[in-house]
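Here's a quick briefing to read alongside the model. We'll go from the overall fold down to one strand and its neighbours.

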Amino acid sequence: MTRFKDSVIFVTGGAGFIGSAVIRHLLDDTGAFVVNIDKLTYASNLNSIPQAATSNRYRFAQVDIGDGPALRALFEAHQPHAVMNLAAESHVDRSIEGPDAFIQTNVVGTFTLLQEALRFWRGREHAAQQSFRFHHISTDEVFGSLGPEGLFSETTPYAPNSPYSASKAGSDHLVRAWHETYGLPVLVTNCSNNYGPYHFPEKLIPHVIIRALAEASLPVYGDGQNVRDWLYVEDHARALTLVVERGAVGETYNVGGRNERTNIHVVKTICRLLDEMAPSPQGPRERLITFVTDRPGHDRRYAIDPSKIERALGWKPTHDFETGLAKTVKWFLDNRPWWQSILDRGYQAERIGLPQQKQGVTP
C-alpha cells in the first residue's frame with residue numbers, strides 16, 4: 001500500500017454516498033491518512049465506513065465546508081497534501097423544492113473551502129506547494145441535456161437546467177477561477193450517475209429496491225425514456241484517486257461508465273433481479289411500476305465520453321451495468337440494517353419537486 005503513503009487527504013462530504021466510497025478505497029487500498037469532513041446532513045451516514053472503527057489512519061471532523069474558521073483549524077492541525085471536495089447537496093427534486101441549501105453548500109461552501117485551501121497553500125514551502133492538489137468532484141448535469149446522439153466531453157459548454165446542476169456549475173467555475181487567478185493547483189472531474197452499496201434511498205436505484213421489497217408502487221417519471229450513463233461507485237472512487245495521484249493540474253476529466261440505460265429499463269431490471277434473488281409470493285414485481293408526472297427541467301439524456309481519463313490515466317470501469325446492478329441489489333438484500341436504520345429515523349420516500357414550482361409558486 002505505497003500509494004499516498006504518509007499523505008494526508010481531506011475528503012469533504014465523506015459520510016455521503018460517493019465520499020464514503022472514496023474513503024473506503026483510500027483506507028483499504030492505499031497508505032493515506034484520511035480526514036473525513038462532513039456536517040452530517042440527512043443523507044450522511046458514518047456507518048457507510050465500517051473500516052473507520054479499527055483504522056489508525058482515519059479521523060472524522062463534523063464541520064460544514066461553509067465554516068471558514070473551523071476549516072482553517074483543520075488545515076493547520078492536519079497539514080493535508082490534498083483536498084477532495086465531495087461535499088454537496090445533490091438531489092435534483094430537493095433542489096426544486098428548496099434551492100437555498102444548494103446555493104449555500106455547493107456555491108458558498110465551495111468558495112469558503114477554496115479560500116481556506118488557498119490560504120493554507122500560500123503558506124507552504126515551495127515543494128509542498130508543488131505537490132498539493134485541490135480536487136473538485138462534480139457532475140455531468142452541468143452540461144444540460146443531450147439529444148439522441150452525442151456525448152459530453154470536457155469541452156462541452158455548460159447549460160444547467162435545475163437548481164442543483166446550476167449550483168454545481170457555479171462551483172466548477174469558482175474552482176477554475178481560483179486556479180487561473182491565484183494559481184491554486186486544482187483538478188476537476190465530472191461524473192455520470194453513480195450507483196452501488198450504501199446509496200441513500202432517495203436516489204432511483206435504492207429507492208426502487210427498497211420500495212419493491214415493501215410491495216409499494218414504483219413511480220417512474222414521464223414515459224421512463226430518460227437516459228442516464230451509469231457508473232459503479234467503487235469504479236468512480238478508483239478514478240478519483242487516480243486523478244489526485246496523476247492528473248494534470250488545471251485539467252478536467254469526465255468519468256463515465258459507458259452504460260447508457262433508460263430509467264424504465266433500470267426499474268424493470270431491478271424488478272427482475274429481485275424476482276430471482278428474493279421472489280415475492282405476490283408475483284413478479286413489474287406489476288408495481290406506475291408512471292407519474294415528470295419533474296420540471298428533467299434532462300432527457302446524459303452520456304459521458306471518458307476517453308480522456310482512459311487515455312491519460314489508464315482508468316477503465318471494471319463493472320458493466322448488469323454485473324454492477326446485480327451486486328448492488330444483492331448488497332441491499334444482505335445489508336437491510338443499514339438502510340432500515342435510515343427509514344427508522346423517519347426518512348419518507350415522498351414525491352417532492354412537483355411541477356407547480358415551475359409555474360411561479362414560491363418554494
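Of the 363 residues in this predicted model, 55% count as buried. The secondary structure adds up to 12 helices and 12 strands. One of those strands, β9, gets a closer look below.

**Overall shape and packing**
- The radius of gyration is 20 Å, which agrees with the value near 21 Å that a compact globule of 363 residues would have.
- Measured out along the principal axes, the C-alpha atoms fill a box of roughly 65 × 45 × 40 Å.
- Take the contacts between residues at least 6 apart in sequence: 81% of them join residues at least 24 apart.

**Surface and charge**
- About 15,000 Å² of the protein is exposed, and carbon and sulfur atoms supply 51% of that.
- There are 37 positive and 40 negative charges, and their mean positions sit 2 Å apart.

**Strand β9 up close**
- β9 spans residues 227-232, and 6 of its 6 residues are buried.
- Both faces of the strand are covered. Val 227, Asp 229 and Leu 231 are on one side, with Arg 228, Trp 230 and Tyr 232 on the other.

**Who β9 pairs with**
- Strand β7 (residues 193-195) runs parallel to β9, joined to it by 3 bridges.
- In that pairing, Tyr 195 stands opposite Tyr 232 of β9.
- Strand β11 (residues 260-262) pairs with β9 too, this time in the antiparallel sense and over 3 bridges.
- Arg 228 has Arg 261 in β11 as its bridge partner, and Arg 228 is itself buried.

Note on methods
Residues numbered from 1 in each chain as written. Predicted model: local features only at pLDDT ≥ 70, side-chain atom pairs only at ≥ 80, totals over all residues. Heavy atoms only, no water. Buried < 20%, exposed > 50% of the residue type's maximum accessible area, 1.4 Å probe, protein only. Helix = DSSP H or I, 4+ residues; strand = E, 2+ residues; numbered from the N terminus. Pairing = 2+ DSSP bridges. Rg over C-alpha atoms; globule rule 2.2 N^0.38 Å. Contact = heavy atoms within 4.5 Å. Areas by Shrake-Rupley, 256 points an atom, 1.4 Å probe, with all protein chains shown as cover. Lys, Arg positive; Asp, Glu negative; His and termini not counted. Charge placed at Lys NZ, Arg CZ, Asp CG, Glu CD.
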